[in-house]
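Student: Hi! Could you walk me through this structure step by step, please?
Tutor: Gladly, let's take a look together.

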There are 2 protein chains.
Amino acid sequence: MTRPVTSTDVARRAGVSQSAVSRAFSQGASIAPETRRKVLEAAAELNYRPNRIPAIMLSGRSRMVGVVVGGLSNPFYASTLECLATSLRAAGLQILLVHVDDALTLDSALDQLLSYRVDAVVTALAIGSQRAARMLSDLAIPVICFNSRLTGPWISTVVSNNHAAGLTAAQVFESCGVTRPAWLAGPVRNAASRARGHGFIAGVRANSARWPDGVLEMRGDDSYESGYDAIRRLLARGERPDGLFSSNDLMACGAMDALRQHGSLNCPDNVVMMGYDNIPQAGWHAYGLTSFDQQVDCLVDAATQLLDAALGPDGGPVSRTRVVDARLVTRRSTARLI
Amino acid sequence: MTRPVTSTDVARRAGVSQSAVSRAFSQGASIAPETRRKVLEAAAELNYRPNRIPAIMLSGRSRMVGVVVGGLSNPFYASTLECLATSLRAAGLQILLVHVDDALTLDSALDQLLSYRVDAVVTALAIGSQRAARMLSDLAIPVICFNSRLTGPWISTVVSNNHAAGLTAAQVFESCGVTRPAWLAGPVRNAASRARGHGFIAGVRANSARWPDGVLEMRGDDSYESGYDAIRRLLARGERPDGLFSSNDLMACGAMDALRQHGSLNCPDNVVMMGYDNIPQAGWHAYGLTSFDQQVDCLVDAATQLLDAALGPDGGPVSRTRVVDARLVTRRSTARLI
DNA sequence: ATGATTATTGCATAGCTATGCACAGCTATG
DNA sequence: CATAGCTGTGCATAGCTATGCAATAATCAT
């Protein structure tokens, strides 16, 4: 193991002081161009690169952000993470990634993140977050949540306009001539799913002349399999909805496959279907699923802005909410006119 | 902004020295149980948690691993990352995540990682890596690659047995009575794809009595769309393969959809099809795609072991390769007997 | 009881960089 | 020519914890 190259090594080689080396690498520091050139040359020869660790101690800012994810097998979360990574890097922030299965992992994961002195935490989890959020608040660590309803002095939130999208779904169903609307919810703890359901059910109730029986409700766990199973059980019970709004695309894909497999029903002829997230699979030809695009770019932009604000020099407790409208992407699954 | 709580604060409150606080939090340090109890109590009251940053300076080890990913929209990479995150966390390592689009990003990303003094780098990228790998080698940073053929004194590799799988695919095609085998390759720079293709073509050539015309070859870029387009163009040219081995599942799904859409051909009656990765979508009912499972768990386990070895106290340049056999998962797309 | 051994604790320091401060050298102005 | 102002440089230090070492206390053996 060779000792890593320090700024002092570079200074010696360039014939300057260690301070000069530091200044050569800090933007906007007071240093003569010629000196900087010498330093950079010596640095290149020694393969030196600045060490941010002592800077963290001095400044108290690590420029690392803890990102807590779960369920990357949902393409929506995967692409959100991808987008977030790009955006944070552009903002000069590093990502300390934690994957979480359960609440227990979350707590220990947070301890780890805090040991590394992350400046903030970004999460798309609802799971067990209320307590964790309080812990972070106590430590004055800004938190940015996606699609969650956590509250607290240091917590900011970016949400899709879930309720409005639910209403829109009901309108689309009306224009497709749906007579028996159904709603496939996500897990109870998923706040975004609840909001979508509330919006949809409100939209259906508002049209009780057309839909006196209201909404047929099912529940899944946001996975493909749970969507498939929910519909399989529904068909086995003899129910025959002709319009299905699913809380996310994964379940919608499962549901569509179950309709074909167990009911020989297809979209849009027998059932009109809508999902949420607009994952790539929704656009695959086997599905052609109409979906609400959460506009990940916008969500992530908003998150990064909130983050910047929270990490700004003022440093008071920031607690803001940004709502991003979902964009309806129409495909074959709703291509039916009355 | 309240000043963060330091070990000295805790020491003062607990009536002990700062050293005692440090020892209370280090496993196996020499400290009386009673003293530890007092310290932990004071720490809890003050909401203190150990700060790893100074420890990084002292030990020279950050216990952070740079993870470089690209193409998270491929569910295979997403689940690999998920699995890797779990495994590294169990090994007590943190993940500093970097998402990379192009070679330029890669270089600057590596600079960032190195500034944060990561102990090692894990990557699943082939893109522009040879130069980057040399840079890391110069700095004596261990590198673990997935499915790549990079070499160097500090570089270890975990690969799926791509060539063997290609041979197997040819055998499966034989037992399905395929008469016109086709190969859908990934991008040229993808070493894993090349190996799969070599294996498959070798398997077909070894059976030249049955397949005198060899393999019909196409190329995509590993995306669903490229698989779809490749088959659409193929059908437009009037070609009619009856067995298709795709370098990955995403392209296979696209290919299957194109067969249905543009040729009214279905699997397995008209075309037998195999993919690679065994992504969840391969198991979806709309596809039922036979695929080679890379056994992500095993790959990641191997990677973590290599990492542990590379981070061990001996610390010499480690350069090993671990090969994991792919497991054939048979589904509808090859359910055809002669 | 006494010396030897062990267990526990505190002191002092290293680890590397960014930055305030003072100073040196130089330019411009009167 | 003297002075003021400006630029660039080096010195010294802070930031927080882990750990070697010495000292102290406690336990044990003889």
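Student: How many bridges join strand β2 of chain A to β2(B)?
Tutor: Keep in mind that this is a predicted model. Strand β2 of chain A covers residues 94-99, and β2(B) runs antiparallel to that strand. Within this pairing, A:I95 stands opposite B:L97. The number of bridges joining the two strands is 3.

Student: What area is buried between chain B and chain A?
Tutor: Start with the residues: 57 of chain B are in contact with 57 of chain A. The size of an interface is often given as the accessible area lost when the parts come together. Carbon and sulfur atoms give 60% of that area here, and the total between chain B and chain A is about 5,400 Å².

Student: Which residues of chain B lose the most area to chain A?
Tutor: Look for three residues that together make up 14% of what the chain B side buries. Those three are B:R49, B:Y116 and B:W284.

Student: Which residue does the side chain of B:R49 meet in a salt bridge?
Tutor: Between chain B and chain A the count is 2 salt bridges. For a salt bridge, a side-chain nitrogen of Lys or Arg must lie within 4 Å of a carboxyl oxygen of Asp or Glu. B:R49 has such a partner at 2.2 Å, N to O, and that partner is A:D111.

Student: How do the residues on the side of chain B that touches chain A divide by class?
Tutor: First, the count of residue pairs in polar contact between the chains is 26. Elements of chain B that give two or more residues to this side include α4 (52-59), α5 (75-90) and β2 (94-99). By class, the side divides into 30 nonpolar, 16 polar and 11 charged residues.

Student: What area do domain 2 and domain 3 of chain A bury between them?
Tutor: In the domain assignment, domain 2 of chain A is 61-161 + 296-326 and domain 3 is 162-294 + 328-334. Their centres are separated by 29 Å, taken over C-alpha atoms. The contact takes 15 residues from domain 2 and 19 from domain 3. With 51% of it on carbon and sulfur atoms, the buried area is about 1,200 Å².

Student: How many residue pairs are in polar contact across the interface of domain 2 and domain 3 of chain A?
Tutor: Salt bridges between these two domains come to 0. Polar contacts are another matter, and across this interface of chain A the number of residue pairs is 6.

Student: How many residues apart are A:R13 and A:E45?
Tutor: Their side chains meet in a salt bridge at 2.6 Å, N to O. A:R13 is in helix α1 (residues 7-14) of chain A, while A:E45 is in helix α3 (residues 33-46), so the pair links distant parts of the chain, with a definition of helices as DSSP runs. Along the chain, the separation is 32 residues.

Student: Which residue caps the N-terminal end of helix α4 of chain A?
Tutor: Helix α4 covers residues 52-59, and just after this helix A:G60 takes a positive phi of about 75°. At the N-terminal end, a side-chain oxygen lies 2.9 Å from the backbone nitrogen of A:I53. The residue that caps this end is A:N51.

Student: Where is A:A140 found?
Tutor: Most residues other than glycine have a negative phi, and most peptide bonds are trans. A:A140 is not a glycine, yet has a positive phi of about 60°. In chain A, its place is the loop between α7 (129-138) and β4 (143-146).

Methods:
Residues are numbered from 1 along each chain as its sequence is written. Chains are lettered from A and ligands numbered from 1 in the order in which they are written. This is a predicted model: local features need pLDDT of at least 70, side-chain atom pairs count only at pLDDT 80 or more; totals for chains, interfaces and linings use all residues. Side-chain values use heavy atoms; hydrogens and water are left out. Domain bounds come from an automatic or database domain assignment. Contact means heavy atoms within 4.5 Å. Buried area is the accessible area (1.4 Å probe) that two parts lose on being put together, summed over both. A polar contact is a pair of N or O atoms within 3.5 Å; within protein, one must be able to donate a hydrogen and the other to accept it, and residues adjacent in sequence count only if both atoms are side-chain atoms. Helices (H or I, at least four residues) and strands (E, at least two) are DSSP runs, numbered from the N terminus. Ala, Val, Leu, Ile, Met, Phe, Trp, Tyr, Cys and Pro count as nonpolar, Asp, Glu, Lys and Arg as charged, and the others, Gly among them, as polar. Two strands pair if DSSP finds at least two bridges between them.
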